[in-house]
Amino acid sequence: MYKRRLLDVKKLIDFWSIPHFLFGTLLALATITFVLSIEYMFLVTLFLAIVWELIEMKWRLCEAPGNGFVDVLLALVGFTVTFLLVNRVGVSPERYGSLLIFTTLLFLCLNFFAWRARFEHDREFQG
């Protein structure tokens, strides 16, 4: 019984966790770059992450129980960590745009390869 529970916990974080975390990072960088309301954008991040998980359910993507909750949480953690790090490290405002562009490209590339692997039935990306 203990071994089975351990396996379920391991499935809460998978390859798809990276794009979810990066989504939060992307929105935090957009918040900083365009000087948007932190509270509002945090709620937008929460809303969009939940909507995405509902879309995944509608598409009947196979995920481990609890993985959707962890995916939403990862987006919020990505947002918070990025916001705190960028402000704490003291990145100059001139570089915000570059960070945003780099993160956007990384997010899009990772999603492209992850979706491609899922459609090619790569077992690691089946959830």
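These legends walk through a few views of the predicted model above.

**View 1. The whole chain is made of helices.** Five helices and zero strands make up the secondary structure (DSSP runs, H or I of at least four residues for helices, E of at least two for strands, numbered from the N terminus). Of the 127 residues, 36% count as buried, where buried means under 20% relative accessible area, exposed over 50% and partly exposed in between (1.4 Å probe, protein chains only).

**View 2. Confidence in the helices.** The chain averages a pLDDT of 85, pLDDT being the predictor's confidence in each residue, from 0 to 100. Helix H2 (residues 17-33) has the highest mean among the elements, 95, and helix H1 (residues 2-10) the lowest, 52. Where pLDDT is low, please do not read the predicted coordinates in detail.

**View 3. Trp52 meets Trp115.** Their ring centres lie 6.3 Å apart with planes at 90°, so this pair is edge-to-face. Rings of Phe, Tyr and Trp (its six-membered ring) pair if their centres lie within 6.5 Å; planes under 30 degrees apart count as stacked, over 60 as edge-to-face and the rest as tilted. Trp52 sits in helix H3 (residues 38-58) and Trp115 in helix H5 (residues 96-119), so the pair ties together parts 63 residues apart in sequence. Trp52 is partly exposed at 31% relative accessible area, while Trp115 is buried at 16%.

**View 4. Phe79 and Phe83 stack.** Here the centres are 6.4 Å apart and the planes at 5°. Both residues belong to helix H4 (residues 67-89), four residues apart, about one turn of the helix. Phe79 is buried, with a relative accessible area of 2%. Together with Phe42, Phe79 and Phe83 form one aromatic cluster.

**Notes.** Residues are numbered from 1 along each chain as its sequence is written, and side-chain values use heavy atoms, leaving out hydrogens and water. In this predicted model, local features need pLDDT of at least 70 and side-chain atom pairs count only at pLDDT 80 or more, while totals for chains, interfaces and linings use all residues.
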